[in-house]
Amino acid sequence: MKQKIRLVLRYLAALVLAISILAPLLWMFLMSVSSAEDLTRIPLEWLPRHWDFSRYASLLTLQAGQPGALFLHALGNSLLVACGATIISLLLAIPAAYSFSRYPGRDGWLFGSLAIYMVPPVAFVLPLYFILEKLTLLNTHLGLILVYCSMILPFLTWMLKNQFDALPVDIEQASRLDGLRYWQVLLRITLPLAKPALGASAMFGWLLAWDEFFYALLFTNNIDAQTLPVTIAGFTAGRATDDGLIAAVGILAAIPPLFIALWLQKTLVSGLTAGGSKG
């Protein structure tokens, strides 16, 4: 009887969680396909009288004068910057985390980088601005990628270091006795076992770069390098704001993270299976 009650409570908790996540998305979708009259009608009706998908069409076209010219360009900028920052941060975080895990006595450097990570971003605005200005990297993709790497790298190093600590060292020692070098042990033994952590770290870093707004707003001044959060904020800056258009932008902006999460979910599952069989 108690097990049935626990099972029911578990499903109820899952249902409440699903509703709390999906309900705002559903409402945002209904706003995006509602006409201006439906959105301003009193009392408010849950379902639109006339389903209008013209906003999505305008956002998915590069025709001059349409909001899609801004949206699609900003979407490409966000994908480029987020993917670039995540890949570079992972390539640097993996050897750093491995050295912190396998060679004790260097934790001070790790804690120092984490302490810098805890400092509010506004404290780094002027130094970063002057550095980017000297390197002529203001309003460029590379400039934003480097700034985002400084945000993502410390936390990814910490995440991977904890994962490497949990891996058995005996397998690596046996591989060393078989003649493998340190980098070969890392690539052939450690990283396959840590594949779930790599997927989680990549997901965290990508989402952090994808959602970042503060630095993107300050270090970009036109559409050449502006990311999606800054462009979305620009849609709300006019005197006459189309709430349905903003909702449509939100729905479309949520699609890339959804695909990234689904893709990395498969990576996490396969990594757990491979790690269990090799361990």
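How far apart do the end C-alpha atoms of residues 245-264 lie, and what percentage of the span is helix? The points below take up this question after a few remarks on the model as a whole.

1. Nature of the model. The structure is a predicted model. Its chain has an average pLDDT of 83, and 93% of the residues reach a score of at least 70.

2. A region to read with care. Over residues 271-279 the pLDDT stays under 50. For these residues the model has eight contacts beyond four places in sequence. Where pLDDT is low, predicted coordinates should not be read in detail.

3. Secondary structure. The chain contains 14 helices and zero strands. Reading along the sequence therefore gives the pattern α-α-α-α-α-α-α-α-α-α-α-α-α-α.

4. Overall dimensions and packing. The C-alpha trace spans about 75 × 70 × 30 Å along its principal axes. Of the 279 residues in the chain, 38% count as buried. If one takes the contacts between residues at least 6 apart in sequence, 71% of them join residues at least 24 apart.

5. Surface. About 16,600 Å² of the chain is exposed. Carbon and sulfur atoms supply 70% of that area.

6. Annotated spans. An unreviewed UniProt entry places the feature "transmembrane region" at residues 79-98, 110-132, 138-160, 185-209 and 245-264. In the model, residues 245-264 are 95% helix and 0% strand, and their end C-alpha atoms lie 30 Å apart, which answers the opening question. Residues 79-98 are 100% helix and 0% strand, with end C-alpha atoms 28 Å apart.

7. Helix α4. This helix covers residues 68-102, a run of 35 residues. From its first C-alpha to its last it reaches 50 Å, close to the 51 Å expected at 1.5 Å a residue. The helix nevertheless bends by about 25° at A93. A proline, P95, follows within four residues of that position.

8. Residue P120. Where is P120 found? It is in the loop between α5 (107-118) and α6 (125-134). Is P120 buried, exposed or partly exposed? It counts as partly exposed because its relative accessibility is 49%, and that class lies between the limits of 20% and 50%. P120 and L138 are 18 residues apart along the chain, and their C-alpha atoms are separated by 21 Å.

Terms used. Residues numbered from 1 in each chain as written. Predicted model: local features only at pLDDT ≥ 70, side-chain atom pairs only at ≥ 80, totals over all residues. Heavy atoms only, no water. Helix = DSSP H or I, 4+ residues; strand = E, 2+ residues; numbered from the N terminus. Expected span 1.5 Å × (residues − 1). Bend = angle between axes of the 7 residues up to and from the residue. pLDDT = per-residue confidence, 0-100. Contact = heavy atoms within 4.5 Å. Buried < 20%, exposed > 50% of the residue type's maximum accessible area, 1.4 Å probe, protein only. Areas by Shrake-Rupley, 256 points an atom, 1.4 Å probe, with all protein chains shown as cover. UniProt positions renumbered as here; feature names shortened; annotations may be inferred.
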